[in-house]
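User: I'd like to go through this model with you, one question at a time. Could you start with the cut-off we need for burial?

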Amino acid sequence: MASHSCCMMLVIILYTVAVMFFAVANGQAGWDVAHATFYGDEHGVGTMEGACGYGDLFQQGYGLETTALSSALYNDGLTCGACYEIKCDNVKWCHPGISVTVTATNFCPSGGTGWCNPPNKHFDLSEPMFLKIAEYRAGIVPVQYRRVPCVKKGGIKFEISGNPNFILIQVYNVGGAGDVHGMAIKGSNTGWIQMKRNWGQRWQTGTNLTGQSLSFQVTTSDGKMLQSDNVTPPNWDFGKTYEGKNF
């Protein structure tokens, strides 16, 4: 009896491994299911700015490759900056064999049609991204999605706003995991100061750091931390953007 049980267990293990190998070989590993709609127009009008705190998505390098997330994915803004690969899930209006990679730049609120209501996992894509994976007439389609590394050109950008006693940093163009879960700032005359997230991907400190060069530590959702030293000169100014390293 014991020998028979061991053989059965071995068969189950081998079958599980075979299924996993087949899934990986066919690009199906790590996929989850959701639904997708679109908003804005073909030029991205209506998708700029938004709940993640970003501004002109073209100037900031995101372009039209963007999506808004339902609350089940948005994580109160912590997921802003994350990248997803999305493909239409084998229905009549799908474009088979095509996927898009997008960055989370906005929030899809609850209400209205209910598509973005909890606990629904939903992507509200820019119109051009939706049309790459499905027909316009579909309106809403089931999709498969997975998190993928963000590939960005250039370094992480730090846009400074506020006033001497309230420094607000908008962080964007983040590679790797993409979504920032922690930030620290250091003046040339201070130690490291942990920043608090204000909203979206805007981080704040009440320490006056004027007249000092600024360094930053950025920690993403995968626990990786990247330090960029002396990103700004001592005479940095509000309203300007400075560039550090990238993952």
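Analyst: Sure: a residue counts as buried under 20% relative accessible area, as exposed over 50%, and as partly exposed in between. Keep in mind that this is a predicted model.

User: With that cut-off, is Asp-179 buried or exposed?
Analyst: The relative accessibility of Asp-179 is 2%. The limit for burial is under 20%, so Asp-179 counts as buried.

User: Which residue does Asp-179 form a salt bridge with?
Analyst: Asp-179 sits in the loop between β8 and β9 (180-187), and its partner is in strand β6, so the pair ties together parts that are 32 residues apart in sequence. The closest N and O atoms of the two are 3.1 Å apart. That partner counts as partly exposed, at 38% relative accessibility. The residue you're after is Arg-147.

User: How many salt bridges does the structure hold?
Analyst: Side chains of opposite charge can pair when their charged atoms come close. Asp-179 with Arg-147 is one such pair here, and Glu-85 with Arg-146 is another. Counted over the structure, the number of salt bridges is four.

User: How far apart are the closest N and O atoms of Glu-85 and Arg-146?
Analyst: Glu-85 is buried, with a relative accessible area of 15%, while Arg-146 counts as partly exposed at 24%. These two form a salt bridge, and their closest N and O atoms are apart by 3.0 Å.

User: And how many residues apart in sequence are the parts tied together by Asp-76 and Arg-197?
Analyst: The side chains of Asp-76 and Arg-197 meet in a salt bridge, at 3.8 Å from N to O. Asp-76 lies in the loop between α2 (71-74) and β3 (83-88), and Arg-197 in strand β11 (residues 196-199), so the parts they tie together are apart in sequence by 121 residues.

User: Of that pair, what is the relative accessible area of Asp-76?
Analyst: Arg-197 is partly exposed, with a relative accessible area of 24%. Asp-76 is exposed, and that label needs a value over 50%. For Asp-76 the relative accessible area is 60%.

User: Let's move to Gln-170. Which residue's backbone oxygen lies 2.7 Å from a polar atom of the side chain of Gln-170?
Analyst: Gln-170 is in strand β8 (residues 166-172) and counts as buried at 2% relative accessibility. Leaving aside neighbours within four places in sequence, its contacts include Tyr-54, Gln-60, Phe-158 and Arg-202. The backbone oxygen at 2.7 Å from a polar atom of the Gln-170 side chain belongs to Gly-53.

User: What separates the C-alpha atoms of Gln-170 and Arg-197?
Analyst: Arg-197 is the residue that meets Asp-76 in a salt bridge. Along the chain, Gln-170 and Arg-197 are 27 residues apart. In space, their C-alpha atoms are separated by 9.9 Å.

User: Which backbone oxygen does the side chain of Ser-126 reach at 2.5 Å?
Analyst: Ser-126 lies in strand β5 (residues 122-126) and is buried, with a relative accessible area of 0%. Beyond neighbours within four places in sequence, Ser-126 is in contact with Phe-38, Tyr-39, Thr-47, Leu-64 and Thr-66. The backbone oxygen its side chain reaches at 2.5 Å is that of Leu-64.

User: Another serine, then. Which residue's backbone nitrogen does the side chain of Ser-228 reach?
Analyst: Ser-228 is in strand β14 (residues 225-228) and counts as buried at 3% relative accessibility. With neighbours within four places in sequence set aside, Ser-228 is in contact with Ser-215, Phe-216, Gly-244 and Lys-245. At 2.9 Å, its side chain reaches the backbone nitrogen of Lys-245.

User: Which strand gives the largest share of the lining of the largest pocket?
Analyst: The largest pocket has a volume of about 160 Å³. Its lining divides into six nonpolar, three polar and two charged residues, with Tyr-62, Cys-83, Val-102 and Lys-152 among them. The largest share, three residues, comes from strand β4 (residues 99-107).

User: Last one: what percentage of the residues of the protein chain count as buried?
Analyst: The protein chain has three helices and 15 strands. Among contacts between residues at least 6 apart in sequence, 68% join residues at least 24 apart. Of the 247 residues of the chain, the share that count as buried is 44%.

Definitions and conventions:
Residues numbered from 1 in each chain as written. Predicted model: local features only at pLDDT ≥ 70, side-chain atom pairs only at ≥ 80, totals over all residues. Heavy atoms only, no water. Helix = DSSP H or I, 4+ residues; strand = E, 2+ residues; numbered from the N terminus. Buried < 20%, exposed > 50% of the residue type's maximum accessible area, 1.4 Å probe, protein only. Contact = heavy atoms within 4.5 Å. Polar contact = N/O pair within 3.5 Å; in protein donor to acceptor, adjacent residues only side chain to side chain. 1 Å grid on protein atoms, 1.4 Å probe; cavity = no way out; pocket = protein on both sides within 12 Å on 5 of 7 lines; lining within 4 Å. Points joined across faces, edges and corners; volume = space filled by probe spheres on them. Nonpolar A, V, L, I, M, F, W, Y, C, P; charged D, E, K, R; others polar.
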